[in-house]
Amino acid sequence: MRKSAFFLTLALVSGAFTGSALADENAELVIEGETLVTKTAAPAHLKDNLDEIYSGWKFRSSETQALQLDDFDNPAFVFIDSAMDMYQQVEGSAEKSCQSCHENVEDFKGLRTKMPRVVDGKVQTMEDQINKCRTEQMGAEALKYSGGEMTGLVALIGLQSRGMPMSVKIDGDAKPFWEKGKEIYYTRHGQLDMSCASCHEDNYGNSIRADHLSQGQLNGFPTYRLKNAKLNAVHSRLFGCIRDVRAEPYKVGSDEFRALELYVSSRGNGLSVETPSVRN
């Protein structure tokens, strides 16, 4: 028996995993009068693996779900407000702010749905775009890839696309990177000999200890986690998942995590952008 199968079987026998319905299968995510898509048909490239895809919001308790229904209750907006201040702050040798070039942050509407994307032969994330603008246009220092300031700006920009469907490109120049990300997703890692799919494809909807396993969708990132009371970046979450199966994680910002982000983001094509979401 493979190690992962052993551990999953042991967990089922001991009761760590329990068959469970979604937190509230009929609940709707409605924000400011707009109903967001939290359940839809799986994109074509997933048809052999999944019939439907679900937002992580569907797997949370009703109390956690409620925090996302109203921006005044959503704790992520403390960080959004701080990011807006930073967006307007003049920095660097060019004495510019983000707003100097992008007067209205609303102009970024639609960008989040397409990210990450391949530009000049490399996977470009939102973090890359922000640092490129800072260093090349503002003459300012690059921000730490998954640091608090960066994650706040990523969330602020992502918020402008909230409610729009994820539509990450996977063909053309993106295909070899997407294929690499897919390979990583299905590769077993670490002492527990588990892949991303072991939890998020084979066991979503089940519970392990206090965690209700979701499909691991990225349409809500950056996401506020009650666990650590802050906004969490995509690569930080990927790092944590690989660490939790007792493997050596790739570096935040690495080519491997970029490819994995591209692949996992494409698994959510059709779900609404929820940035900033609230999760456990």
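# A guided tour of the predicted model

Begin with residues 1-21, where pLDDT (the predictor's confidence in each residue, from 0 to 100) stays under 50. For this segment the model has 35 contacts beyond four places in sequence, a contact being heavy atoms within 4.5 Å. Where pLDDT is low, the predicted coordinates should not be read in detail.

This is a predicted model, in which local features need pLDDT of at least 70 and side-chain atom pairs count only at pLDDT 80 or more, while totals for chains, interfaces and linings use all residues. Residues are numbered from 1 along each chain as its sequence is written, and side-chain values use heavy atoms, with hydrogens and water left out.

## The whole chain

Display the full protein next. Its average pLDDT is 92, and 91% of the residues score at least 70. The C-alpha trace spans about 60 × 40 × 35 Å along its principal axes. The radius of gyration is 19 Å, which agrees with the value near 19 Å for a compact globule of 280 residues; it is taken over C-alpha atoms, and the globule rule is 2.2 Å times the number of residues to the power 0.38.

Of the 280 residues, 51% count as buried. Here buried means under 20% relative accessible area, exposed means over 50%, and partly exposed lies in between, with a 1.4 Å probe and protein chains only. Among contacts between residues at least 6 apart in sequence, 71% join residues at least 24 apart.

Colouring by secondary structure shows ten helices and twelve strands. These are DSSP runs numbered from the N terminus: helices are H or I with at least four residues, and strands are E with at least two.

## Helix H6 and its surroundings

Select residues 148-159, which form helix H6. From its first C-alpha to its last, this helix of twelve residues reaches 16 Å, close to the 16 Å expected at 1.5 Å a residue; the expected span is 1.5 Å times one less than the number of residues. H6 is mostly covered, with ten of its twelve residues buried. Among them are Met150, Leu153, Val154, Leu156 and Ile157. To see what covers the buried residues, add helix H3 (77-87), helix H5 (126-138) and strand E11, which are included in that cover.

## Helix H9

E11 leads to the next selection, helix H9 (residues 234-244), where Val234, His235, Leu238, Gly240 and Ile242 are buried. The buried residues of H9 pack against strand E11 (230-232) and helix H10 (255-266). Just after H9, select Arg246, which takes a positive phi of about 65 degrees.

## Aromatic pairs

Show the aromatic side chains. A search of the whole structure finds nine aromatic pairs. Rings of Phe, Tyr and Trp (its six-membered ring) pair if their centres lie within 6.5 Å; planes under 30 degrees apart count as stacked, over 60 as edge-to-face and the rest as tilted. Select Phe59 and Tyr204: their ring centres are 6.3 Å apart and their planes stand at 85 degrees, so the pair is edge-to-face. This pair links distant parts of the chain, 145 residues apart: Phe59 lies in the loop between strand E5 (52-54) and helix H2 (62-67), and Tyr204 in the loop between helix H8 (196-200) and strand E8 (207-208). Phe59 is buried at 1% relative accessibility, whereas Tyr204 is partly exposed at 28%.

Asn203 is also in the loop between H8 and E8. Asn203 is buried, with a relative accessible area of 10%, and its side chain reaches the backbone oxygen of Ser198 at 2.9 Å.

Then move to Trp178, Tyr185, Tyr186 and Tyr263, which ring pairs link into a cluster. The C-alpha atoms of Trp178 and Asn203 are separated by 23 Å, and the two residues are 25 apart along the chain.

## Backbone stops

Two cis peptide bonds can be visited in turn. One joins Met115 and Pro116, with omega about 0 degrees; Pro116 is in the loop between helix H4 (98-101) and strand E6 (117-119). Another runs from Phe221 to Pro222, with omega near -10 degrees, and Pro222 is in the loop between strand E9 (211-212) and strand E10 (223-225).

Finally, select Glu95 in the loop between H3 and H4. Glu95 is a residue other than glycine, yet its phi is positive, near 50 degrees; at 63% relative accessibility, Glu95 counts as exposed. Ala229, in the loop between E10 and E11, has a positive phi of about 55 degrees although it is not a glycine. Ala229 counts as partly exposed, at 45% relative accessibility.

Technical notes. A polar contact is a pair of N or O atoms within 3.5 Å; within protein, one must be able to donate a hydrogen and the other to accept it, and residues adjacent in sequence count only if both atoms are side-chain atoms.
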